[in-house]
Every structure is written in structure tokens, then in C-alpha cells.
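Take a little time to look this one over on screen. The notes that follow walk through a handful of spots worth finding.

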Amino acid sequence: MEAIKATFFQECEELLADLEAGLLALEGGDTDPETVNAVFRAVHSVKGGAGAFGLEQLVRFAHVFETTLDHLRSHELEQTAHVLKVMLRAADLLADLVRAAQSGAHLDEARCQALAEELVALSGDHAAESEPMGAASGADYLLGDDFDFKPLQVAFTDSGDGAGGAVMDEPGLTDWVIRFRPLATLYLKANDPALVLRELERLGALEVGLEQSELPLLDDLDPEGAYLAWTLRLRTSASEADIREAFEFVDGDCDLEVTAVADPFAAQFEEEPAASPVSSDVELDVMALIQRAQAEVASSDGGDIFEPAALAEIAPDSPTPSPAAAPAAKTADAAAVAPVTTTIRVDLDRVDRLINLVGELVINQAMLSQRVIEAGLVRSSNVALGLDDLEQLTREIQDSVMAIRAQPVKSVFQRMPRLIREIAAATGKQVRLVTEGEGTEVDKTVIERLTDPITHMIRNAIDHGLEKPADRVAAGKPAEGMVKLSAFHRSGRIVIEITDDGAGIDRKRVRDKAIEKGLIAAEAVLTDEETDNLLFMPGFSTASAISDISGRGVGMDVVKRSVQGLGGRITIASRPGEGSTFTLSLPLTLAVLDGMVVTVDGHTLVAPLTAVIETLQPKPDTVRSLGPSGMVVAVRDAFVPLIDIGANLGFRSTPIDPCSGVALLVENDVGGHAALLVDAIQGQRQVVIKSLESNYQQVDGIAAATILGDGRVALILDVDAIIANRRPEPTPAPAPEHNPPLLATAS
Amino acid sequence: MSDLLHTSGQRRELISFRIGAQEFCVDIMAVREIRGWTSATPIPHSPNYVRGVINLRGAVLPIVDLAARLGFAITEPSARSVIIVTHIGERTVGLLVDAVSDILTVSDEVIQPTPDVTCDTVKAFVKGILAVDDRLISLISLDRVLPDLEAEAA
């Protein structure tokens with residue numbers, strides 16, 4: 001059960017995302033009825049699942065929400081900006097309710113009530129006359145905990161001259177006779193009739209009678225067969241559609257007859273011609289109805305199957321489709337829904353294992369190629385040609401397998417509209433979010449770890465970037481500010497840009513702040529770019545008062561660190577009065593890394609390319625000693641520590657002459673610089689990251705391992721750790737406190 | 001048949017190997033495979049008995065020089081040296097030994113407790129001894145072959 005529940009919550013997440021996306025599309029002026037239907041279906045499915053798990057608070061709210069959406073669907077409710085705003089907030093609350101249900105918590109009832117009232121008010125404004133019961137149900141909800149669905153007949157009234165209308169206009173209790181005979185397929189799909197019966201019991205007083213006449217003797221009994229049927233008497237104020245809803249999950253897998261008893265309009269049923277004699281009381285032209293419904297579906301060409309008139313005929317009138325007709329109706333239904341790509345859920349471990357194996361395949365293939373060349377086989381030999389094909393195939397397999405882990409950034413982007421609404425409300429600013437490139441795909445792990453940095457930068461963009469509406473108008477800009485979130489691929493990396501059209505970075509304030517905090521010297525001359533980058537310094541915050549929005553203890557330095565943790569980089573471009581753009585550039589996957597392959601004392605090592613700023617050749621006049629064994633190298637005007645990797649890792653006891661090697665100027669997470677001295681640079685290469693810890697343990701100065709084309713293991717340097725503890729000074733040199741000693745050496 | 005004859009003691013199979021002039025063995029259930037020596041990539045700041053890591057079909061496999069670990073001289077790997085790939089807990093570790101000699105099937109009672117000697121490495125690694133055809137073979141416990149995390153000081 002827990003597993004099913006987990007799946008339900010997983011599905012909820014997708015449904016909620018669909019819901020929000022749909023509402024946003026509607027807000028953006030989309031009038032496609034299918035969008036409204038999709039939104040309705042999302043809420044409906046959440047409600048259905050929640051009902052099955054007894055999540056009452058969730059069900060109640062979803063029900064009110066669904067009702068209002070139904071008005072929208074039936075055009076009783078106009079698609080205005082106000083309506084959609086309320087609905088978006090309702091979607092937010094629904095998401096909160098789902099999350100609360102997931103963690104077993106309960107949400108503030110008052111909040112649900114308030115929003116439920118608003119939703120009901122929407123319907124009330126527009127459809128009160130034609131739809132008294134909808135309002136009544138809302139009121140019921142507001143009354144409290146009574147988990148009792150009052151009739152919620154919606155949408156069908158305008159065409160309702162049939163039985164559906166009759167039930168609706170009858171606010172009192174109706175007796176229904178329901179005959180429910182599950183087919184074997186129902187049990188095959190792991191459904192349980194008891195759940196359905198329990199669901200019905202919620203609608204009103206239920207009498208259950210079991211028909212076991214079909215039950216064969218034990219010898220003849222097929223253990224997977226279906227022999228039982230139930231005759232149920234239900235006294236309820238709910239409509240037939242509500243009753244049928246209880247059977248939603250077993251639809252097509254059972255014979256179902258729902259008959260109103262003592263219904264003033266029952267006579268009307270009896271007058272209709274009988275296509276298939278079903279039950280004693282009522283006979284309906286089932287087949288004709290279904291055919292009509294199918295015709296509607298066909299003519300609407302996959303679009304508007306829920307056109308109200310058609311619905312009015314299908315939903316309230318049609319009793320159970322006969323077994324033969326049911327699959328047909330189902331097929332039509334399926335065809336009518338917008339084409340959905342089939343997906344499967346796979347354990348991430350399996351995918352990762354596959355990715356590992358393919359990584360192996362690539363290495364093996366490279367080794368094989370090398371051996372063939374070593375064996376002296378010419379390039380045009382059949383073996384070599386076959387290997388070329390193999391190489392191409394392995395590359396394709398690798399790309400395809402990597403694509404399995406790739407997901408569109410949509411899942412991150414979708415969380416932002418809500419955030420924007422909340423921050424806009426809290427700051428009193430008007431914000432419009434524009435998103436681009438939601439379909440851009442990137443590794444799942446990267447996506448998961450992108451949410452926080454993006455969230456924070458959007459907060460910043462609104463809180464610090466955008467001006468107050470009045471200021472904007474004064475500056476000749478529209479009162480509504482714009483935040484644009486876009487994603488695209490550029491040269492094998494994913495780039496995410498957060499752009500606002502606010503005031504831009506106030507460089508003077510940034511500079512003053514940095515001086516005040518002692519981050520830079522008062523007389524320091526900084527370029528605009530350098531000033532902007534001060535924002536990423538630890539402990540920097542420009543907000544004069546720590547605001548509730550951005551000042552939650554994390555600054556841009558944290559953002560920068562988490563982006564670097566993903567092997568990414570972050571840059572700022574800002575123009576006064578026009579706004580700022582923060583650009584994140586990230587690798588497509590965490591399983592591979594762009595590395596600079598270097599040689600140190602005969603060992604091959606890999607430095608993450610993201611940490612390497614530039615390479616330089618130390619010259620005798622740029623290298624200075626500092627303390628007994630410390631060295632610094634001049635990079636333009638600044639001195640940075642020079643660390644001999646060979647000595648640092650213990651490969652050699654005495655550092656080499658700096659001028660005989662090459663230095664990599666690297667930057668660590670917190671912006672510290674150092675020059676790493678290596679013997680030679682072999683080149684740049686993408687390498688597959690392998691864990692050292694899984695079979696061994698963490699090693700100081702080493703981040704991970706990888707396997708090179710020749711099949712040997714190479715170690716990947718942990719640049720941060722190397723900078724943090726440059727250990728190999730035999731006699732600990734007094735740590736230079738400030739810059740003056742450097743200057744003394746330089747002079 | 002053998003089961004009927006030896007109901008009294010648990011029978012187990014051991015792989016014996018040579019380090020220098022002495023013979024040792026480990027339980028065959030801990031052994032995944034035996035492969036020839038390939039040179040390993042050294043790991044910085046590691047104890048002298050950790051030869052480095054090799055690529056075992058995509059996994060990074062640490063190689064422990066068992067001779068050095070047991071307090072003998074560091075092995076100079078030759079073409080005859082082999083790596084015994086073993087499972088130690090959750091980890092997979094390669095043991096560098098001079099040569100694999102035999103597979104022994106013994107019952108538990110043949111394994112005698114380790115005589116009380118003062119040598120620390122014997123206490124730490126030898127969990128029993130057995131005499132087979134005049135040879136003394138020490139049964140090695142693998143649990144402590146890898147360096148302890150806290151005692152990792154290079």
C-alpha cells in the first residue's frame with residue numbers, strides 16, 4: 001500500500017505541474033478547450049487518488065476546486081484574469097495539501113476554507129442561478145468536517161432536459177438501485193469492489209446485498225474468475241454522475257446499472273426504446289447513446305469531447321455500457337485525449353548501472369582500437385574498419401543512454417511562477433515571468449540541484465533587481481517588471497539565464513559595501529565586472545535591511561558555490577537602468593567531467609577544467625620565494641601561492657624548479673586563487689567520474705578517479721582541498737597575514 | 001557422499017597462496033576472481049602497503065600488497081605475481097601475492113587456533129592455522145586489510 005501511495009504522490013507531482021502549466025497557459029490567453037480539460041482532469045485525478053487513500057482534507061478542497069473548474073469548462077464561468085489568479089492560488093494550495101498529506105501533516109484549515117470560499121464565490125458570481133447545488137456544496141465544505149458530498153451538478157444544466165437535470169433540480173434525497181457486477185478483469189487490475197462500496201457509502205445511506213447465485217461449486221471455481229455481484233440501495237442527495245464517479249476506477253471492468261427509484265422522471269426513462277434489457281425498473285438506449293457519444297468524439301477530432309451538450313447526454317443519462325460497448329467507448333475516449341507519449345518508471349540505480357557499463361564499453365572500445373594499431377594492422381584492414389563502425393555505435397549508445405537521465409528543465413522552471421507570485425505579493429512589486437527553453441534537457445541530478453540556486457537568484461532579481469512600480473513608472477518603464485528565465489544548450493553545456501529589467505546593479509553601493517565590509521581596499525580600482533563579482537564574495541549582502549525575501553542567511557556566494565559544485569560557472573552582466581542578467585553555465589551531466597590531463601612526476605592526473613582559469617609558464621622573474629619553502633608566482637599584478645602538485649601529493653620529496661613546469665591558475669569555491677605546478681599538460685579530455693570511496697576511502701587532495709583510454713586509472717585532483725591544505729612545508733612557514741610581505745619581495 | 005562422512009564439521013574451501021616462503025590462505029567465498037598483475041596507479045598519502053588502484057572492468061580497485069601489510073618486505077611484482085580480488089565487507093579489494101598455490105577443502109576442526117605469539121601482525125591477521133602435508137598454512141582474516149580511516153596518517 002505504501003508503494004502505491006508513493007506512486008500516487010509521484011503522479012500528483014506531475015499532475016500538479018500539468019495543472020499549473022495549464023492555468024498559466026489559460027492566464028496567457030489560451031482558449032483551447034483541451035487546456036481547460038487538462039486542468040480539470042489534473043485536479044480530478046488528484047482528488048480520485050486522494051479519495052482512495054482517505055486523504056480527506058485534500059479531497060474536500062480538490063472537490064471544491066474541481067467544481068469551479070467545471071464551471072470554467074462549461075463556460076458558465078468566464079476566463080478572466082481574476083478567476084485565473086484565484087485558481088492559481090488554489091493550485092498552490094492544492095500542491096501544499098498534497099505535500100502535507102505526503103508528510104502526514106495537516107494544513108491550516110482556515111486557509112483551505114478561505115480559498116474554498118473564494119472559489120465558491122467565483123462560481124456564485126457567474127452561475128449561482130443555474131447551479132444552486134454547487135454553491136451549496138461549497139457552503140457544506142465551509143461548515144466543517146462533515147465528509148459528505150452534496151450534489152454537485154454542474155455544467156449540464158443549460159442543456160438539461162433529461163434525467164440529469166431532473167435529479168439536479170431535485171435537491172432532496174433520491175433512492176438509487178445500483179447493480180454492480182465486477183468482471184474478472186477488475187480483479188486482474190488489482191481493484192477491490194470493497195473500496196468502491198466504501199466510496200459509495202460516503203454519499204449516503206447504503207444497503208448492500210450480495211448476489212452469489214453465480215458462484216459455482218469449488219471444483220468448478222476458477223480462482224481468477226468473477227462470480228459475485230452486488231445490488232445496492234443508496235439513499236443520497238448525490239447525482240447519478242457522483243455515484244458513477246465512485247466506479248470510475250473500475251469503469252469498463254464491471255457491469256453497472258444505476259437506477260433512480262421514486263424519481264419523478266423515472267417514467268421518462270421507461271418510455272425510451274430499450275436496446276438491451278438491463279434491469280427491471282429502467283431501460284435505456286445504451287448503444288444509441290454510446291454511438292452518439294462516439295460520433296461526437298469523432299467529429300470533434302480529438303478536441304472537445306467535453307462539449308457540454310454531449311456531456312449532458314453521456315454523463316447523467318448513460319447507465320453502464322454493456323460489456324461489449326464499454327471497450328469501444330473506452331477506445332474512443334483514449335483516442336480523444338491528446339496524444340501522450342508512453343513512459344515507464346525505472347529505478348535510477350538501473351539507469352546508472354547502464355551508464356556505467358556503457359562508459360566501460362567506450363573505454364574498452366578505445367583500448368581495442370589502440371591494440372589494433374599497435375598490432376600493426378593498417379587503417380584500411382577489415383578489422384580496423386569494423387572497429388570504426390564499433391566506435392560509432394558505442395558513441396551512439398553512450399549518447400542514448402545519457403539521454404535517459406536527461407530531463408527537461410521544465411520541472412524546475414515550473415516551480416518559479418508560484419515563487420514569483422509569493423515574492424511579488426510580499427514586496428508589493430508587479431512581476432511577470434517569461435520562460436524560454438523549458439524543453440532543454442539536462443541530467444536529472446543537475447536538475448535537482450539547480451532548483452535552489454535558481455530560486456535564490458529569482459528572489460534576488462525581484463527583491464533587489466526590480467524597482468517599485470512607482471519608481472518604474474517614474475523611470476519611464478512599465479509598472480510591471482519582467483523576469484526572464486531561459487535555458488539553452490551552448491557548446492556541450494547547458495546555459496541558464498535569469499534576466500530582469502530592473503535598475504541594474506548599483507555599482508557604487510556594491511563598492512561602498514565591499515569597502516565597509518573590508519572585502520576590498522578603499523583605494524582599489526575595480527572594473528565594472530570585478531565590482532559585479534563582489535556580489536559573490538562570502539558575507540556580502542547589499543540589502544540595507546535584511547529583507548524577508550532574500551535575506552535568509554544565504555548570499556550569492558552560496559549560489560556560486562553550489563553552481564561550482566555542479567561543475568558550473570556563474571557570470572553577471574548588468575547595465576544601469578536596464579537590468580541584470582545572471583548566466584549559469586553547467587555541464588550536461590555529473591557523470592562526466594571536462595578535465596585537463598596533466599603529468600606530474602610520471603603520473604597522469606586530471607584537473608577539473610571548471611576550476612582552471614588559465615595556464616601559465618612560470619618565469620624566473622615572476623617566481624618568488626616566501627618563507628623557507630613557500631613560493632608565489634606573479635600573475636599580472638597579484639601574487640598567488642605556487643603549489644607543486646608532485647610535492648603536495650607526496651610523489652616527490654623536493655619540488656621541481658618552477659620554471660621547468662607549467663602552472664595551472666585555479667580558483668576554489670570561495671574565490672581563492674592558487675597556481676598548481678605540474679610537469680606538463682597532455683591535453684583536455686572528457687572523463688567518466690569513478691568513485692574512489694566505493695572500494696577504498698577518501699583521499700586527501702583527490703576528488704575521484706577516472707579511467708583513461710589506455711585502461712589505466714587516473715586520479716582527479718580536488719582543487720579545493722589542495723588549496724586549503726598546502727601541507728608539504730617541512731618547516732611551517734609563518735602564514736602571511738597580509739599583502740605587505742609580498743610587496744617587499746616584489747620590490 | 002563427503003557430506004555424510006563429515007557431518008560433524010562445517011567443510012570449507014580455502015585458497016592458499018605464497019608470500020615469500022610462507023603459505024597463507026583465505027576463504028574461497030571471499031574471493032571473486034584471480035588475475036595477473038597489472039601496474040597500479042599510486043594513491044597519494046597512502047600507507048606503503050597500498051600499491052594503488054587498478055581498473056577492474058570499470059570499478060576502481062585498490063590493491064593491497066599483502067606481504068607489506070603482514071609486515072614482510074614490500075613485494076616487487078613480477079610476471080608471476082597475481083592479484084586475488086576479494087570481497088571485504090561492502091568493498092572489493094585486490095590482494096597482491098607472489099603466487100596462488102592450491103585450493104584446499106578442509107573441515108573446521110582441522111583449523112587450529114593461532115598459537116599465542118607476541119607478533120602484533122600475526123594477532124591481527126591470522127585467525128587460525130592448519131597443517132596440510134607438512135605445510136603450515138595461516139588462515140588470514142581480511143577485515144583489517146584496508147587501512148582504518150582514522151589511522152590513515154600518511
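## Two turns with a positive phi

Let's begin with Asp601(A), which has a relative accessibility of 33% and therefore counts as partly exposed, since that class covers values between 20% and 50%. Keep in mind that you're looking at a predicted model. You'll find Asp601(A) in the loop that links β12 (592–600) and β13 (603–608) of chain A. What is the phi of Asp601(A), a residue that is not a glycine? The angle is positive, at about 50°. That's worth a look, because most residues other than glycine have a negative phi.

Chain B offers another case. Asp134(B) is not a glycine either, and its phi is positive too, near 70°. This residue sits in the loop between β9 (126–132) and β10 (135–140) of chain B. Is Asp134(B) buried or exposed? With a relative accessible area of 85%, Asp134(B) is exposed.

## The five-stranded sheet around β12

Back to chain A, where β12 is part of an open sheet of five strands. Going across, the order is β20-β12-β13-β22-β21, and the pairing is mixed. Which strands stand at the edges? They are β20 and β21 of chain A; each has a single partner strand, so one side of each has no neighbour in the sheet. From one strand to the next, the twist averages 35°.

Now zoom in on one pair. β12(A) and β20(A) run antiparallel and are joined by eight bridges. If you want a pair of residues to find, try Val592(A), whose bridge partner in β20(A) is Val688(A).

## A lysine tucked away

The two edge strands of that sheet also frame a loop: Lys690(A) lies between β20 (680–688) and β21 (702–707) of chain A. Is Lys690(A) buried or exposed? At 6% relative accessibility, Lys690(A) counts as buried, because the cut-off for buried is under 20%.

So what does Lys690(A) touch, leaving aside neighbours within four places in sequence? In chain A, the contacts are Asn356(A), Glu360(A), Ala704(A), Ala705(A), Thr706(A) and Ile707(A). Chain B joins in as well, with Gly58(B) and Val60(B) in contact with Lys690(A).

## The four-stranded sheet and its helix

Another open sheet in chain A has four strands, in the order β2-β3-β1-β4, with antiparallel pairing. Here β2 and β4 (254–261) stand at the edges, and as each has a single partner strand, one side of each is left without a neighbour in the sheet. On average, neighbouring strands in this sheet are turned by 15° against each other, direction ignored.

β2(A) and β3(A) are antiparallel, with eight bridges joining them. One residue pair to look for is Leu210(A) opposite Trp230(A), the latter in β3(A). Helix α9 (residues 193–201) of chain A packs on the sheet and touches β1 (174–182), β2 and β3. The direction of α9 makes about 150° with that of β2(A).

## A nonpolar patch on the surface

Follow the chain from β2 (204–211) towards β3 (229–236) of chain A, and the loop between them holds Leu215(A). Leu215(A) has a relative accessibility of 41%, so it counts as partly exposed. Which residues form a nonpolar patch with Leu215(A)? They are Leu218(A) and Leu221(A), and together the three have about 290 Å² of accessible area on the surface.

## A strand that is largely enclosed

Next, find strand β9 (residues 493–500) of chain A. Seven of the eight residues of β9(A) are buried, so this strand is largely enclosed by the rest of the structure.

β9(A) pairs with strand β8 (residues 480–490) of chain A through eight bridges, and the two run antiparallel. Within that pair, Ser486(A) stands opposite Glu497(A) of β9(A). Eight bridges also join β9(A) to strand β11 (residues 579–587) of chain A, again antiparallel. There, Arg493(A) has Pro587(A) in β11(A) as its bridge partner.

## Chain A as a whole

Time to step back. Chain A has 26 helices and 22 strands. Of its 747 residues, 47% are buried. The accessible surface of chain A comes to about 35,800 Å², and 54% of that belongs to carbon and sulfur atoms. As for contacts between residues at least 6 apart in the sequence of chain A, 70% join residues at least 24 apart.

Conventions. Residues are numbered from 1 along each chain as its sequence is written. Chains are lettered from A and ligands numbered from 1 in the order in which they are written. This is a predicted model: local features need pLDDT of at least 70, side-chain atom pairs count only at pLDDT 80 or more; totals for chains, interfaces and linings use all residues. Side-chain values use heavy atoms; hydrogens and water are left out. Buried means under 20% relative accessible area, exposed over 50%, partly exposed in between (1.4 Å probe, protein chains only). Two strands pair if DSSP finds at least two bridges between them. Patches are made of residues with over 30% relative accessible area and no salt bridge: like charges are joined within 9 Å, nonpolar side chains (Val, Leu, Ile, Met, Phe, Trp, Tyr) within 5 Å. Accessible areas come from the Shrake-Rupley method with a 1.4 Å probe; for residues, only the protein chains shown count as cover. A salt bridge is a side-chain nitrogen of Lys or Arg within 4 Å of a carboxyl oxygen of Asp or Glu. Axes are lines fitted to C-alpha atoms, for helices over the stretch in contact, and angles run from 0 to 180 degrees between N-to-C directions. Contact means heavy atoms within 4.5 Å.
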